[in-house]
Amino acid sequence: MKQVGILISGRGSNMVALLDAMGAGKVPARCALVVSNKPSAPGLERASERGVPTAVINHKDFPTREAHDRKILEAFREAGIEILCLAGYMRLLSPVLVEAYRNRILNIHPALLPSYTGLHAQRQALEAGVRFSGCSVHFVDEHLDHGPVILQAAVPVLPGDTEESLSSRILKYEHRLYPEALQLLCQDRVSIREGRAEIDLPLSDYRALLKGLIDLGDEE
Ligand code: GRF
């Protein structure tokens with residue numbers, strides 16, 4: 001069983017998807033600590049309800065990003081954390097955390113990377129007029145929404161979509177995608193070669209996995 005730590009800043013719906021997948025035994029891991037940088041994050045209570053220890057490490061209490069990250073690193077190390085998952089964590093990581101957990105930090109972003117990084121990814125997709133968008137789980141490096149992509153899910157942009165309707169269509173797939181990616185990592189099926197993530201699965205299993213990660217517009 002891998003020991004997983006989760007970083008949040010807000011409602012934590014992706015965190016819940018991960019906790020539930022671990023709790024159900026779908027992902028061979030256990031979450032030993034959820035850390036929020038925001039004391040008011042609703043996700044904290046959702047973690048506690050599921051019996052997961054939580055901590056608030058408020059960035060406002062630290063003079064620099066590095067000092068804040070050092071405290072987070074200390075908390076995760078004490079809890080024996082091997083893999084970090086960012087789930088709506090609204091801070092850029094400093095090298096303090098990235099180097100300590102190199103290739104063991106995952107993030108989920110609501111767009112098909114490398115398109116539409118940063119805030120309002122769904123609005124960016126609508127403004128660009130693309131026909132498909134989606135979400136990506138990737139390894140985290142020093143740059144914003146950057147690092148080798150592990151898995152992606154694709155959803156259509158439909159006529160009349162608003163930022164809200166597209167966001168909720170994507171979010172439904174985020175909740176499927178993130179546990180799948182964490183499962184692959186925990187099963188040691190993800191490796192990095194020449195800056196890209198490779199997934200060690202028989203092609204037929206990989207195709208079956210992808211089938212569950214594509215919305216052809218007939219789900220609503
Ligand atoms: C999600 O859309 C995620 O992709 C992005 O921030 C949002 C967090 O939502 N990084 P939640 O806190 O997981 O509900």
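**Exercise 1. Place Gln 152 in the fold and describe the polar contacts of its side chain.**

Gln 152 belongs to strand β7, where strands (E, at least two residues) and helices (H or I, at least four) are DSSP runs numbered from the N terminus. The model is a predicted one, in which local features need pLDDT of at least 70, side-chain atom pairs count only at pLDDT 80 or more, and totals for chains, interfaces and linings use all residues. Residues are numbered from 1 along each chain as its sequence is written, and side-chain values use heavy atoms, with hydrogens and water left out.

Step one concerns accessibility: Gln 152 has a relative accessible area of 29% and is therefore partly exposed, the scale being buried under 20%, exposed over 50% and partly exposed in between (1.4 Å probe, protein chains only).

Step two concerns polar contacts, which are pairs of N or O atoms within 3.5 Å; within protein, one atom must be able to donate a hydrogen and the other to accept it, and residues adjacent in sequence count only if both atoms are side-chain atoms. The side chains of Gln 152 and Ser 136 are joined by such a contact of 2.9 Å, and the side chain of Gln 152 also reaches the backbone oxygen of Leu 113 at 3.1 Å.

Step three widens the view to contacts, meaning heavy atoms within 4.5 Å: with neighbours within four places in sequence left aside, Gln 152 touches Leu 112, Leu 113, Cys 135, Ser 136, Leu 177 and Leu 213.

**Exercise 2. Is Ser 136 buried or exposed, and which backbone oxygen lies 2.6 Å from a polar atom of its side chain?**

Ser 136 sits in strand β6 and is buried, its relative accessible area being 0%. The oxygen sought is that of Ala 111, which lies 2.6 Å from a polar atom of the Ser 136 side chain. Beyond four places in sequence, the contacts of Ser 136 include Asn 107, Ile 108, His 109, Leu 151 and Leu 177. Ala 111 can also be related to Gln 152, since the two are 41 residues apart in sequence and 8.7 Å apart in space, C-alpha to C-alpha.

**Exercise 3. Examine the backbone of the loop between β5 and α5, and then that of the loop between β6 and β7.**

In the loop between β5 and α5 lies Pro 114, which is joined to Leu 113 by a cis peptide bond with omega of about 10°. Tyr 116 is found in the loop between β5 and α5, and its phi is near 55°, a positive value in a residue other than glycine.

The loop between β6 and β7 holds Asp 145, whose phi is likewise positive, near 50°, in a residue other than glycine. At 14% relative accessibility, Asp 145 counts as buried.

**Exercise 4. Describe how α5 and α1 are buried.**

In α5, the buried residues are Ala 121, Gln 122 and Ala 125. Seen down the helix axis, the buried residues of α5 fall within an arc of 100°, so they line one face of the helix; the arc is that of the directions from the helix axis to the C-beta atoms. An α-helix has 3.6 residues a turn, so residues three or four places apart point the same way. The buried residues of α5 pack against β5, β6 and α6, and the helix is followed by Gly 129, whose phi is positive, near 75°.

For α1, nine of the eleven residues are buried, so this helix is largely enclosed by the rest of the structure. Among the elements that cover its buried residues are β1, β2, α2, β4, β5 and α6. Gly 25 follows α1, and its phi is positive, near 85°.

**Exercise 5. What is the volume of the largest pocket, and which element gives the most to its lining?**

The volume is about 880 Å³. The residues closest to the centre of the largest pocket, out of the 35 that line it, are Gly 88, Met 90, Ile 108, Pro 110 and Leu 119. A pocket here is an open set of points on a 1 Å grid over the protein atoms alone, where a 1.4 Å probe fits, with protein on both sides within 12 Å along at least five of seven lines, and lining residues have an atom within 4 Å of a point. The greatest contribution to the lining comes from α6, with five residues, while α1, β4, β5, α5 and α6 each supply at least two.

Methods: Grid points are joined across faces, edges and corners, and a volume is the space filled by probe spheres set on the points.
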